Amino acid sequence: MVDRRRRSMRTALVAEALRVALAGRTRTDPTAGLDIVDLGGGTGGFAVPLAVEGHRVTVVDPSPDALASLERRASDEGVRELVRGVQGDAADLPQVAGKATADAVLCHGVLEVVDDPAQALQAMASVLRDGGVLSLLVAQRNAVVLARALAGHLTEARTALQDPDGRWGPADPMPRRFDEAAIVAQLAEAGFMVHTVHGVRTFTDLVPAAIVDSEAGAAEALADLERAASQHPAFRALSPQLHILATR
């Protein structure tokens with residue numbers, strides 16, 4: 001129960017911000033859903049709820065097992081006809097999704113692991129229609145620097161601070177992390193206009209599970225705190241992830 005609650009809190013702010021952005025997307029028929037591409041969407045944690053809301057979602061993911069789970073999940077929710085799973089990665093995006101076919105692209109936790117982030121952003125821009133929305137979720141460098149320091153790994157903290165990819169050493173499982181200024185600059189180079197930047201999971205990973213599980217109202221209070229701090233520059237700079245909404 002606690003794990004599910006924490007997972008929900010980790011994605012709630014992203015889902016809320018995305019829903020607002022999609023609601024503002026102009027369409028010819030206001031009653032029709034949008035065309036959405038979810039790059040690396042895996043088992044459909046975002047795709048299936050979006051389909052339940054009436055949107056058509058194409059999930060592009062390299063894992064056949066994840067796509068099989070996506071299909072089962074979509075079927076269970078009764079939206080199988082609105083969800084399409086395609087095996088591929090960022091480099092395949094223009095071919096599998098089609099150029100200028102999407103009202104929105106989701107890229108959550110993917111830019112850290114692609115071979116070429118700049119090329120991936122260009123591919124995402126190519127599949128968006130004019131004014132299309134990009135929802136980008138990336139790991140941030142500052143949080144891992146602080147985490148390694150607090151754990152007593154001071155050399156690793158300094159390495160992460162100075163490493164071009166924000167890694168703390170050869171054993172770091174994350175291929176790269178981003179600074180806010182750098183990722184915003186990369187988005188501009190790819191033709192995107194950034195509208196909002198939110199910090200994600202600033203407190204959720206720090207508050208002991210026992211508190212969230214046992215104290216009445218603690219989960220709701222934590223969610224409210226996350227929401228309040230998400231756009232505060234000082235706290236956003238320390239959040240493990242940045243959620244960026246941009247348009248093409």
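These exercises work through ring pairs, helix packing and one loop residue in a predicted model.

**Exercise 1. The aromatic pair**

Task: Classify the geometry of the ring pair formed by Phe-203 and Phe-235, and place both residues in the chain.

Solution:
- Start with the count. The model has one aromatic pair.
- Take the geometry. The ring centres of Phe-203 and Phe-235 are 5.6 Å apart, and the planes meet at 55 degrees.
- Apply the cut-offs. Stacked needs under 30 degrees and edge-to-face over 60. The Phe-203 and Phe-235 pair is therefore tilted.
- Place the residues. Phe-203 sits in the loop between strand 6 (193–200) and helix 9 (209–214). Phe-235 belongs to helix 11 (residues 233–236). They are 32 residues apart, so the pair links distant parts of the chain.

**Exercise 2. Burial of the two rings**

Task: Decide whether Phe-203 is buried or exposed, then do the same for Phe-235.

Solution:
- Phe-203 has a relative accessible area of 17%. Buried means under 20%, so Phe-203 is buried.
- Phe-235 has a relative accessible area of 35%. Exposed means over 50%, so Phe-235 is partly exposed.

**Exercise 3. Helix 6 against helix 7**

Task: Describe how helix 6 (residues 141–150) packs on helix 7 (residues 154–162).

Solution:
- Read the angle and distance. The angle is about 165 degrees, and the axes are 7 Å apart.
- Classify the angle. Over 145 degrees counts as roughly antiparallel, so helix 6 is roughly antiparallel to helix 7.
- Add the hand. The crossing is left-handed.
- List the contacts. Helix 6 contributes Arg-141, Val-144, Val-145, Arg-148 and Ala-149. From helix 7 come Leu-154, Glu-156, Ala-157, Ala-160, Leu-161 and Gln-162.
- Follow one contact residue further. Arg-148 also lies over the face of Trp-168, 4.3 Å from the ring centre.

**Exercise 4. Helix 5 against helix 8**

Task: Describe how helix 5 (residues 117–127) meets helix 8 (residues 180–189).

Solution:
- The axes come within 9 Å and cross at roughly 50 degrees.
- That angle makes helix 5 oblique to helix 8.
- The crossing is right-handed.
- Pro-117, Ala-118, Leu-121 and Gln-122 of helix 5 touch Gln-186, Leu-187 and Glu-189 of helix 8.

**Exercise 5. Asp-92**

Task: Locate Asp-92, judge its exposure and give its C-alpha separation from Gly-109.

Solution:
- Asp-92 lies in the loop between strand 3 (83–87) and helix 4 (93–97).
- Its relative accessibility is 30%, so Asp-92 counts as partly exposed.
- Asp-92 and Gly-109 are 17 residues apart along the chain, and their C-alpha atoms are separated by 17 Å.

Note on methods:
Residues numbered from 1 in each chain as written. Predicted model: local features only at pLDDT ≥ 70, side-chain atom pairs only at ≥ 80, totals over all residues. Heavy atoms only, no water. Phe/Tyr/Trp six-rings, centres within 6.5 Å; stacked < 30°, edge-to-face > 60°. Helix = DSSP H or I, 4+ residues; strand = E, 2+ residues; numbered from the N terminus. Buried < 20%, exposed > 50% of the residue type's maximum accessible area, 1.4 Å probe, protein only. Lys NZ or Arg CZ within 6 Å of the ring centre and 35° of its normal. Axes fitted to C-alpha atoms, helices over the stretch in contact; angles between N-to-C directions. Parallel < 35°, antiparallel > 145°, perpendicular 65-115°, else oblique. Left-handed = near helix turned anticlockwise from the far one by under 90°. Contact = heavy atoms within 4.5 Å.
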